[in-house]
Amino acid sequence: MTVLAAVAAAVACWLALAPDPALRLRDPEPAEGTARSGAWPRRALPGLLVACAAVAGGLGGGGAGAAIAFAAALPAVTVGLVWRRHRSRSAAVATAREVSSACQLLSGLLRVGHVPSAALAVAARDAPELAEAAAVLEVGGPPSAALRRSGVAPGRAGLVELAVAWEVAERTGASLTATLDALAERLAAEQAVADVVAAELAAPRATGRLLAALPAAGLLLGYSFGGDPLGFLAGSLPGQLSLVAGVALGCAGVFWTERIAEPEVG
């Protein structure tokens with residue numbers, strides 16, 4: 001029982017604390033102190049919850065209790081994490097759309113004759129993403145710095161490009177209209193491509209989730225043939241190890257499918 005509970009705890013912690021390859025690819029050299037800013041405890045919490053469930057099950061019901069608790073807790077945590085990732089991704093996509101609309105609005109105001117400062121003030125009334133930059137400009141500060149700060153949030157990468165265009169226009173005296181026209185067109189094109197990619201990836205993502213649920217159908221099929229698959233999985237050490245490994249690999253497969261089928265949002 002102790003060995004099985006330890007294995008369950010180790011697997012759960014590894015799944016929660018393993019570095020995120022997508023983050024490493026996007027930011028190979030994160031700023032110093034980023035790993036200590038509170039993200040580590042948040043990432044560790046799901047794995048620790050599963051580990052605690054497995055240990056508690058082991059103390060209360062031996063090896064069978066640990067295996068069953070692990071098999072129940074890990075899928076529940078996986079569903080919660082997948083839902084949270086989906087919600088964050090949806091929020092980032094919605095924010096990217098709003099940034100694209102804000103750039104188009106600002107570009108349109110410049111085309112009809114507004115100077116950049118007046119165009120930014122008018123656009124900020126309908127585009128909250130530009131509100132901070134407009135407030136900074138109103139008190140005499142550089143709006144590009146505020147745009148860069150706002151562009152750090154997921155889905156707001158277009159604001160960083162707007163800040164660069166604004167800085168170039170300020171330093172060189174070049175027209176901001178043509179640059180903003182090009183930026184607005186490119187952001188709109190990126191949104192159209194993102195919509196197509198999301199639609200194409202919906203089927204593989206749904207297939208991965210369906211495959212993760214097939215083991216449960218296999219258990220029901222075993223009972224329909226007169227067998228006792230759950231009795232084997234919970235009543236013997238090989239069965240308990242198989243249950244732990246199967247559930248862990250199934251949940252890891254769901255995470256992997258979600259990751260490779262997740263479009264990048266600027």
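These exercises work through a predicted model of one protein chain.

**Exercise 1. The overall fold**

Task: Find how many helices and strands the protein chain has, and what share of its residues is buried.

Solution.
Step 1. Count the elements. The chain has 10 helices and 0 strands.
Step 2. Read them in order from the N terminus. The pattern is α-α-α-α-α-α-α-α-α-α.
Step 3. Turn to burial. Of the 266 residues in the chain, 35% are buried.
Step 4. Look at the outside. The chain exposes about 14900 Å², and carbon and sulfur atoms supply 67% of that area.
Step 5. Check the contacts. Take those between residues at least 6 apart in sequence: 64% of them join residues at least 24 apart.

**Exercise 2. The span of helix α10**

Task: Work out what span helix α10 should have and test it against the model.

Solution.
Step 1. Helix α10 covers residues 237–260, which is 24 residues.
Step 2. The expected span is 1.5 Å times one less than the number of residues. For α10 this comes to 34 Å.
Step 3. The C-alpha atoms at the two ends of α10 are 34 Å apart, so the model agrees with the expectation.
Step 4. List the buried residues. In α10 they include Leu243, Val244, Val247 and Val254. Gln240, Thr257 and Glu258 are also among them.

**Exercise 3. The buried sides of α4 and α6**

Task: Decide where the buried residues of α4 and of α6 sit around each helix axis.

Solution.
Step 1. Start with α4, residues 116–126. Its buried residues are Ala119, Leu120, Ala123 and Ala124.
Step 2. These residues cover an arc of only 135 degrees around the axis, so they lie on the same side of α4.
Step 3. Move to α6, residues 143–150. Here Pro143, Ser144, Ala146, Leu147 and Ser150 are buried.
Step 4. Their arc, seen down the axis, is within 160 degrees, so they line one face of α6.
Step 5. Ask what that face meets. The buried residues of α6 pack against α4, α5 (131–138) and α7 (157–172).
Step 6. Take Ser150 in α6 as an example. Its relative accessibility is 7%, and under 20% means buried, so Ser150 counts as buried.
Step 7. Name its partners. Beyond its neighbours within four places in sequence, Ser150 is in contact with Glu129, Glu132, Arg156 and Leu159.

**Exercise 4. Salt bridges between helices**

Task: Find which helices are linked by the salt bridges of Asp181, Glu167 and Glu161.

Solution.
Step 1. Recall the principle. Side chains of opposite charge can pair when their charged atoms come close.
Step 2. Count the pairs. The whole structure has 7 salt bridges.
Step 3. Take Asp181 and Arg111. Their closest N and O atoms are 2.7 Å apart. The bridge joins α8, which holds Asp181, to α3, which holds Arg111, across 70 residues of chain. Arg111 has 54% relative accessibility, so it counts as exposed.
Step 4. Take Glu167 and Arg148. Their salt bridge has an N to O distance of 3.0 Å. Glu167 is in α7 and Arg148 is in α6, 19 residues apart. Glu167 is buried at 17% relative accessible area, whereas Arg148 is partly exposed at 34%.
Step 5. Take Glu161 and Arg186. Their closest N and O atoms are 2.0 Å apart. This pair links α7, with Glu161, to α8, with Arg186, and the two are 25 residues apart. Glu161 is partly exposed at 33%. Arg186 is partly exposed at 31%.
Step 6. Extend the last pair. Glu161, Arg186 and Glu190 are linked in a network of salt bridges.

**Exercise 5. Two partly exposed residues**

Task: Place Ala53 and Leu219 in their helices, and say what surrounds Ala53 and which patch holds Leu219.

Solution.
Step 1. Ala53 is in helix α3, residues 39–111. Its relative accessibility is 24%, so it counts as partly exposed.
Step 2. Ala53 touches Ala69 and Ala73, leaving out residues up to four places away in sequence.
Step 3. Compare chain and space. Ala53 and Leu74 are 21 residues apart along the chain, and their C-alpha atoms are separated by 9.1 Å.
Step 4. Leu219 is in helix α8, residues 176–224. At 31% relative accessibility, Leu219 is partly exposed.
Step 5. Leu219 joins Tyr223 and Leu230 in a nonpolar surface patch. Together the three have about 250 Å² of accessible area.

Note on methods:
Residues numbered from 1 in each chain as written. Predicted model: local features only at pLDDT ≥ 70, side-chain atom pairs only at ≥ 80, totals over all residues. Heavy atoms only, no water. Patch = residues over 30% accessible without salt bridge, like charges linked within 9 Å, V, L, I, M, F, W, Y side chains within 5 Å. Areas by Shrake-Rupley, 256 points an atom, 1.4 Å probe, with all protein chains shown as cover. Salt bridge = Lys/Arg side-chain N within 4 Å of Asp/Glu carboxyl O. Helix = DSSP H or I, 4+ residues; strand = E, 2+ residues; numbered from the N terminus. Buried < 20%, exposed > 50% of the residue type's maximum accessible area, 1.4 Å probe, protein only. Arc of directions from axis to C-beta. Contact = heavy atoms within 4.5 Å.
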